Amino acid sequence: MQKGTFVHFVLQQIIDKYKGDLKDLTKEKINSEVDVFCDEYLDSISGYRSIEDTYLKYLASNIRRSIKDVVIRISDELKHSEFVPVR
């Protein structure tokens, strides 16, 4: 599991799906969507679920929490800007 690839994948999926509407998402919706895309990423790693142990779950949980914080901050920033993400 590559942290940078993990983060990039989730951010790309969120922005591709919501684009300018990202600013309108609630914190709960952001948390839910990040969870979906994190699971999608982890499931895409061949054999990951079969080797997932307590340590890997801990790492994934920390990365997931960080991504949620980043997306919430991006959403807040977009509320005060005319910038509209495209990709």
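Helices here are DSSP runs of at least four residues, numbered from the N terminus. The model on screen is predicted.

**Whole chain**

Start with everything shown as a cartoon. There are 4 helices and 0 strands, and reading along the sequence gives the pattern α-α-α-α. The C-alpha trace spans about 45 × 20 × 20 Å along its principal axes. Colour by accessibility next: of the 87 residues in the chain, 32% are buried. If contacts are drawn for pairs with a separation of 6 or more, 76% of them join residues 24 or more positions apart.

**Stop 1: Lys19**

Select Lys19, in the loop between helix H1 (3-18) and H2. What is the phi of Lys19 near? The value is near 45°, which is positive, in a residue other than glycine. Most residues other than glycine have a negative phi. Lys19 has a relative accessible area of 37% and is therefore partly exposed.

**Stop 2: H1 against H2**

Now show H1 and H2 together. Their axes come within 9 Å and cross at roughly 125°, so the two helices are oblique to each other. The crossing is right-handed. To see the contact, display side chains on both helices. From H1, select Thr5, Phe6, Phe9, Val10, Gln13, Ile14, Lys17 and Tyr18. Facing them in H2 are Lys29, Glu33, Val34, Phe37, Cys38, Glu40, Tyr41 and Leu42. By class, the residues of this contact divide into 10 nonpolar, 2 polar and 4 charged.

**Stop 3: Glu33**

Stay in this contact and centre on Glu33, which lies in helix H2 (residues 27-44). Is Glu33 buried or exposed? Its relative accessibility is 7%, under the 20% cut-off, so Glu33 counts as buried. Apart from neighbours within four places in sequence, Glu33 is in contact with Ile14, Lys17 and Tyr18. With one of these, Tyr18, the side chain of Glu33 makes a polar contact of 3.3 Å.

**Stop 4: H2 against H4**

Keep H2 and add helix H4 (residues 54-79). The two pack at an angle of about 135°, with their axes 9 Å apart. H2 is therefore oblique to H4. H2 passes H4 in a right-handed crossing. On the H2 side, select Lys27, Ile30, Asn31, Val34, Asp35, Cys38, Asp39 and Leu42. On the H4 side, select Ala60, Arg64, Ile67, Lys68, Val71, Ile72 and Ser75. The residues of this contact divide into 8 nonpolar, 2 polar and 5 charged.

**Stop 5: Asp35 and Arg64**

Within the same contact, pick Asp35 in helix H2. Which residues does Asp35 contact, leaving aside its neighbours within four places in sequence? They are Arg64 and Lys68. Label the pair of Asp35 and Arg64: their side chains make a polar contact at 3.2 Å. Asp35 has a relative accessibility of 25% and so counts as partly exposed. For a backbone reference, draw a distance from the C-alpha of Asp35 to that of Ile63; the two atoms are separated by 11 Å, with the residues 28 apart along the chain.

Move to the other partner, Arg64, in helix H4. Arg64 has a relative accessibility of 16% and therefore counts as buried. Beyond its neighbours within four places in sequence, Arg64 is in contact with Val34, Asp35, Cys38, Asp39 and Leu42. Turn on these side chains to see the surroundings of Arg64.

**Stop 6: H1 against H4**

Hide H2 and bring back H1 alongside H4. How far apart are the axes of H1 and H4, and at what angle do they cross? They come within 10 Å and cross at roughly 40°. H1 and H4 are therefore oblique to each other. Their crossing is right-handed. The contact is made from H1 by Lys3, Phe6, Val7, Val10, Leu11 and Ile14, and from H4 by Ala60, Ile63, Ile67, Val70, Val71 and Ile74. By class, the contact of H1 with H4 has 11 nonpolar residues, no polar ones and 1 charged.

Definitions and conventions: Residues are numbered from 1 along each chain as its sequence is written. This is a predicted model: local features need pLDDT of at least 70, side-chain atom pairs count only at pLDDT 80 or more; totals for chains, interfaces and linings use all residues. Side-chain values use heavy atoms; hydrogens and water are left out. Buried means under 20% relative accessible area, exposed over 50%, partly exposed in between (1.4 Å probe, protein chains only). A polar contact is a pair of N or O atoms within 3.5 Å; within protein, one must be able to donate a hydrogen and the other to accept it, and residues adjacent in sequence count only if both atoms are side-chain atoms. Contact means heavy atoms within 4.5 Å. Axes are lines fitted to C-alpha atoms, for helices over the stretch in contact, and angles run from 0 to 180 degrees between N-to-C directions. Angles under 35 degrees count as roughly parallel, over 145 as roughly antiparallel, 65 to 115 as roughly perpendicular and the rest as oblique. A crossing is left-handed if the near helix is turned anticlockwise from the far one by less than a right angle, and right-handed if clockwise. Ala, Val, Leu, Ile, Met, Phe, Trp, Tyr, Cys and Pro count as nonpolar, Asp, Glu, Lys and Arg as charged, and the others, Gly among them, as polar.
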